[in-house]
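Biologist: I would like to learn how to read a helix and a core from coordinates. Please start with the helix.

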Amino acid sequence: MTALYFGMALNCYALPELRPCGVCASCHKFLSLEHPDFVYVFPTPNLNLNSEGEIKKQEVLKQYQAYLDNKRNSPWADFFFKENTEIRRESIALLIKRLELSIHEARYRVVIIENADQMNMQTSNAFLKTLEEPPANTVMILTTERMQMIMPTILSRTQPIYFKPLSRSIIENILAEQFDTSLAVAKPAARISAGNLKMAIRIASDAQSVSRDWAFEIMGLAARRDDLGFYNTLDKYKEHQVKDRVIDLLKYIRIIAGDIALLSINDSTNITNVDKLDELNQISSISSQACDSIHEYLLILEDFNRKVDGNVNLNLIMINLYIQTKHFLKAKL
Ligand SMILES: [Zn+2]
């Protein structure tokens, strides 16, 4: 969003102090992602571009347009292609071709490469020369949440701009004012998201709270030693047992574990899941020493996270997660 608004500001027709105005012809074209001097590159499945740079397969074209629609209408929501995605050599080749043309109407041509960490080494190398000698009046912006995954040769030719987490009150306000979220939902969402607005919006929307319920269920079952109940949840949440959801789940479990550790030392003022205090107290009341083993447990969760990222069998991860959670929530003697 910031990258797009920066591009808008560079080209806005309004007085300098009002840029980007969001309403002039240039701003309009940027907001609809249709400015002729705006090049938007992002991770995609194989697009099979023809020599004109058009997407040949109808099914892929439909998804590509749905991605752009999602960006225009709800940029805070993730859109997933059905196939694996990366920033493809063909997309970079097309970008290079477009940069050879002259600028249509803009003061500055704007290139955004979203999630630039998803460029493989070959693609990075193909892009490097362009980055070293960019055409005149062209601003190239790379975005990433994982800077360490970007090739050093690319990184050394950029000027990093870091984003700090937003404060809880800012997130609460955005949720309340722009998404009509009640305070009861906005407060825990702001706390859990740790300053990440996108995550806060996701938590506040109903669809995503499934992962949170799932996490509470697993913690409860592990605390009660209800093995059969756990095997039933494997079935119940079968359709959610996909990489991204399990990563969400692990995030929630980490936060719930932190709350339980706090309750085990009778600190209920600093817990995050303020709306679930009863459930947390219940788990905490039948477990012991959560505070002593929290550090070790968090390391184990981190390891699970890496394994999920590396495509280890998810069923195996779930079973191990349950066993380790039982271990963390040792029964009271
Ligand atoms: Zn404008």
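Modeller: The expected span of a helix is 1.5 Å times one less than its number of residues. The model here is predicted. Helix α4 covers residues 89-100, twelve residues, so the span should be 16 Å; the end C-alpha atoms are 17 Å apart, which agrees.

Biologist: Which residues of α4 are buried?

Modeller: A residue is buried if 20 or more other C-beta atoms lie within 10 Å of its own. In α4 the buried residues are Ser91, Ile92 and Leu95. Viewed down the axis of α4, they fall within an arc of 95°, so they line one face of the helix. Lys97 and Glu100, on the other side of α4, are exposed.

Biologist: What do the buried residues of α4 pack against?

Modeller: They pack against β1 (38-41), β2 (109-113) and α5 (121-132).

Biologist: Now the cores. What is the general idea?

Modeller: In soluble globular proteins, nonpolar side chains tend to be buried together. In this model, the largest nonpolar core has 39 residues, and Ala189, Ala200, Ala215, Met219, Ile253 and Ile256 have the most contacts inside it. Elements giving two or more residues to this core include α7 (168-179), α10 (209-224) and α15 (314-328).

Biologist: Which element gives the most to this core?

Modeller: That is α12, with eleven residues.

Biologist: With neighbours within four places in sequence left aside, which residues is Met219 in contact with?

Modeller: Met219 is then in contact with Ile253, Ile256, Ile283 and Thr325. There is also a second, separate core of 19 residues, including Leu95, Val110, Met119 and Phe127. Leu95 is also one of the buried residues of α4.

Note on methods: Residues are numbered from 1 along each chain as its sequence is written. This is a predicted model: local features need pLDDT of at least 70, side-chain atom pairs count only at pLDDT 80 or more; totals for chains, interfaces and linings use all residues. A nonpolar core is a set of buried Ala, Val, Leu, Ile, Met, Phe, Trp, Tyr and Cys residues joined through C-beta atoms within 7 Å. A residue is buried if 20 or more other C-beta atoms lie within 10 Å of its own, exposed if 12 or fewer, and partly exposed in between; C-beta atoms are placed from the backbone. Helices (H or I, at least four residues) and strands (E, at least two) are DSSP runs, numbered from the N terminus. Two residues are in contact if their C-beta atoms, placed from the backbone, lie within 7 Å. The arc is that of the directions from the helix axis to the C-beta atoms.
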